[in-house]
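Visitor: I am beginning my studies of protein structure and should be grateful for a close look at a single part of this model. Please take the interior, and show how it fits into the whole.

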Amino acid sequence: MSLETPRLQREHRPMSAMVGIYCRDHPGAPTPCEECRGLLDYAKRRLEKCPYGEAKPACARCPIHCYKPAQREQAKVVMRYAGPRMTLSHPWLAFLHVLDKLRRVEHPMDIRRRRRS
């Protein structure tokens, strides 16, 4: 699977925008810095391997936490800083991200169990 599907691209765009905002506002670092490029690459790999595929919820609402603890903490720092600022610089992406948070999904194991019965 790749990010060629519209749903996964839409999930990756806000992360890219937030990393851009975070790096831009932290002086002394190139935009984006090596650490943030690593986070974006990691996020892309996680999206490509997501068991939900097209039905993927926003990561904050997902019952599966697929980020390693270090990358998850790094993503939280970036999102805490850039999330509120995104409404000014990328209002449409911020709006779509809020809508995606409203999407409810079941855990993949629950879906499998239901199919077996």
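Guide: What follows is an account of the interior of this predicted model, beginning with the overall fold.

The protein has five helices and zero strands. Read along the sequence, its pattern is therefore written α-α-α-α-α, with helices counted as DSSP runs from the N terminus. Along the principal axes, the C-alpha atoms fill a box of roughly 55 × 25 × 25 Å. Of the 117 residues, 33% count as buried. Among contacts between residues at least 6 apart in sequence, 75% join residues at least 24 apart.

We may now turn to the core. The largest nonpolar core holds 20 residues, and those that touch the most other members are Met15, Val19, Cys36, Leu39, Val78 and Met86. Helices H1, H2, H3 and H4 each give two or more residues to this core. The largest share, seven residues, comes from H1.

Valine 78, one of the residues that touch the most other core members, offers a useful example. Not counting residues up to four places away in sequence, Val78 touches Met18, Val19, Tyr22, Leu39 and Gly83. Two of the partners named here, Val19 and Leu39, also stand among the core members with the most contacts to other members.

Helix H1 deserves a closer view through two of its residues. Isoleucine 21 is placed in helix H1. Its relative accessibility is 2%, and isoleucine 21 counts as buried because this value is under the 20% cut-off. Beyond its neighbours within four places in sequence, isoleucine 21 is in contact with Tyr81, Ala82, Arg85, Met86, Ser89 and His90. The pair formed with serine 89 shows how the chain brings distant positions together: isoleucine 21 and serine 89 are 68 residues apart in sequence, yet their C-alpha atoms are 8.7 Å apart in space.

Histidine 12 also lies in helix H1. At 15% relative accessibility, histidine 12 falls under the 20% cut-off and so counts as buried. Its contacts, leaving aside neighbours within four places in sequence, are with Leu3, Leu40, Lys44 and Leu47.

The cysteines invite a separate question: how many disulfides does a search of the whole structure find? The search finds zero. Two cysteines may be set side by side. Cysteine 23, at 2% relative accessibility, counts as buried. Cysteine 66, at 33%, counts as partly exposed, because its value lies between the cut-offs of 20% and 50%.

Finally, the interior should be considered together with the open space in the protein. The largest pocket has a volume of about 710 Å³. Its lining consists of 31 residues, of which Ala58, Cys59, Ala60, Met79 and His97 lie nearest the centre. By kind, the lining divides into 20 nonpolar, four polar and seven charged residues. Helix H1 (6-24), helix H2 (34-48), helix H3 (69-89) and helix H4 (91-102) each supply at least two residues of this lining. H3 provides the largest share, six residues, whereas the largest share of the nonpolar core comes from H1. The helices H1, H2, H3 and H4 thus appear both among the contributors to the core and among the contributors to the pocket lining.

Methods
Residues are numbered from 1 along each chain as its sequence is written. This is a predicted model: local features need pLDDT of at least 70, side-chain atom pairs count only at pLDDT 80 or more; totals for chains, interfaces and linings use all residues. Side-chain values use heavy atoms; hydrogens and water are left out. On a 1 Å grid over the protein atoms alone, a cavity is a set of points where a 1.4 Å probe fits but cannot get out, and a pocket is an open set with protein on both sides within 12 Å along at least five of seven lines; lining residues have an atom within 4 Å of a point. Grid points are joined across faces, edges and corners, and a volume is the space filled by probe spheres set on the points. Helices (H or I, at least four residues) and strands (E, at least two) are DSSP runs, numbered from the N terminus. Ala, Val, Leu, Ile, Met, Phe, Trp, Tyr, Cys and Pro count as nonpolar, Asp, Glu, Lys and Arg as charged, and the others, Gly among them, as polar. A nonpolar core is a set of buried Ala, Val, Leu, Ile, Met, Phe, Trp, Tyr and Cys residues joined through side-chain atoms within 4.5 Å. Buried means under 20% relative accessible area, exposed over 50%, partly exposed in between (1.4 Å probe, protein chains only). Contact means heavy atoms within 4.5 Å. A disulfide is a pair of cysteine sulfur atoms within 2.5 Å.
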